[in-house]
Amino acid sequence: MNADERAEGLPRPEDVDSWEGARAVPVVVADDQAVVREGIVMLLGLLAGVEVVGSARDGEEAVALAAELAPDVVLMDLRMPRCDGVEATRRIRERHPGTEVVVLTTYADDDSLFPALRAGARGYLTKDASGEEIVRALRDVTDGRAGLAPAVQRRLLEQLLDRGEGPEGAGSSGGPGPGAADPATAATAGPVVPGADGLTERETEVLVLVADGLSNQEIAGRLRISTATVKTHINNLFAKTGVRDRAQAVRYAYQHGLVRAPGRRVT
């Protein structure tokens, strides 16, 4: 894929929700493609609450700028010369633990995703992410949460299910927590009747689409409603189910049988 093709996937400023009144988050952008790097810098420069303090052409420069500028977040490409994004992420997290890393890459395959997360990246987005998703990821990681694209969240859950582990992660000694469905059962069960935890039929539809990895804009297009209405439904279902973010919403959908892992058979 050439630079122009990659640039076409960049989010548009009109997709972005502003952070009015929020502290400006210092960000360094690292990408070896000049047109992509400059496009991301331009986009972030339009956002209230984001301050681009530097840009890097490769992983070596990203590590150096993290040391020099101490940004809150490095927005990191993966495949770069001299030092790739995974190694740069590892060095930054080891040497500058106050700086978080959000990967922004063309690639969402396992060979790209899991090494980046093991190296210490707290966020992972692909370059077809909307401006809203980038904003959310930056805010999430600075607030101590994971900033993962919905499709990445789902892939991680599928990996846990494939390994036979519960949604709470490996190493839990007591199995699923109180009230949690067995993950294998949840992944293969049929859809529940709308009304669980007081969810309306529409809120249940939105939750399923969130679990399927769709963004707010994609959900709006699928259901023929506005993005503002989608956000209202998401806020309502978060409140009713007690989840705090999309990652927990995806886990809730798996636990309650609303979605199943691809390729699993109902027995």
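Asp77 sits in the loop between β3 and α4. Helices (H or I, at least four residues) and strands (E, at least two) are DSSP runs, numbered from the N terminus. Asp77 is buried, at 2% relative accessible area. Buried means under 20% relative accessible area, exposed over 50%, and partly exposed in between (1.4 Å probe, protein chains only). From Asp77 to Lys127 the C-alpha distance is 9.5 Å, with their positions 50 residues apart in sequence.

The model is predicted: local features need pLDDT of at least 70, side-chain atom pairs count only at pLDDT 80 or more, and totals for chains, interfaces and linings use all residues. Residues are numbered from 1 along each chain as its sequence is written, and side-chain values use heavy atoms, with hydrogens and water left out.

## Overall make-up

The protein has 12 helices and six strands. It counts 267 residues, 49% of them buried. Among contacts with a separation of 6 or more, 68% come from residues 24 or more positions apart. Contact means heavy atoms within 4.5 Å. A search of the whole structure for aromatic pairs returns zero. Such a pair needs ring centres of Phe, Tyr or Trp (its six-membered ring) within 6.5 Å; planes under 30 degrees apart count as stacked, over 60 as edge-to-face and the rest as tilted.

## The sheet

Six strands make an open sheet with parallel pairing, in the order β2-β1-β3-β4-β5-β6. The edge strands are β2 (50-56) and β6 (147-148); each has a single partner strand, so one side of each lacks a neighbour in the sheet. Two strands pair if DSSP finds at least two bridges between them.

Which strands does β4 pair with in parallel through four bridges? One is β3, joined to β4 by four bridges. Here Leu75 stands opposite Val102 in β4. The other is β5 (residues 123-126), also joined to β4 by four bridges. Thr105 stands opposite Thr126 in β5.

Strand β4 has six of its six residues buried, so the rest of the structure largely encloses it. Both faces are covered. Glu100, Val102 and Leu104 are buried on one side, and Val101, Val103 and Thr105 on the other.

## Helices on the sheet

Helix α2 (residues 34-45) lies across β1 (25-30), β2, β3 and β4, and runs at about 165° to β2. Helix α4 also packs on the sheet, where it touches β3 and β4. The direction of α4 makes about 170° with that of β3. Axes are lines fitted to C-alpha atoms, for helices over the stretch in contact, and angles run from 0 to 180 degrees between N-to-C directions.

Helix α4 spans residues 85-95; its buried residues are Gly85, Val86, Ala88, Thr89, Arg91 and Ile92. Their cover includes α3 (59-69), β3 (73-76), β4 (100-105) and α5 (110-119). Asp84 caps the N-terminal end of α4, with a side-chain oxygen 3.2 Å from the backbone nitrogen of Val86.

## Arg145 and Asp140

Arg145 is in the loop between α6 (131-142) and β6. Its relative accessibility is 30%, so Arg145 counts as partly exposed. Asp140 belongs to helix α6 and is buried, at 12% relative accessible area. The two side chains make a polar contact at 2.7 Å. A polar contact is a pair of N or O atoms within 3.5 Å; within protein, one must be able to donate a hydrogen and the other to accept it, and residues adjacent in sequence count only if both atoms are side-chain atoms.

Not counting residues up to four places away in sequence, Arg145 touches Arg122, Asp140 and Asp245. The C-alpha atoms of Arg145 and Arg122 are 7.7 Å apart, and the residues are 23 apart along the chain. With neighbours within four places left aside, Asp140 contacts Arg145, Ala146 and Gly147.

## Other arginines

Arg79 lies over the face of Tyr107, 3.6 Å from the ring centre. A charge sits over a ring if NZ of Lys or CZ of Arg is within 6 Å of the ring centre and within 35 degrees of the ring normal.

Two further arginines have a positive phi.

| Residue | Phi | Loop | Relative accessibility |
|---|---|---|---|
| Arg82 | near 65° | between β3 and α4 | 64%, exposed |
| Arg224 | about 60° | between α10 (216-223) and α11 (227-241) | 78%, exposed |
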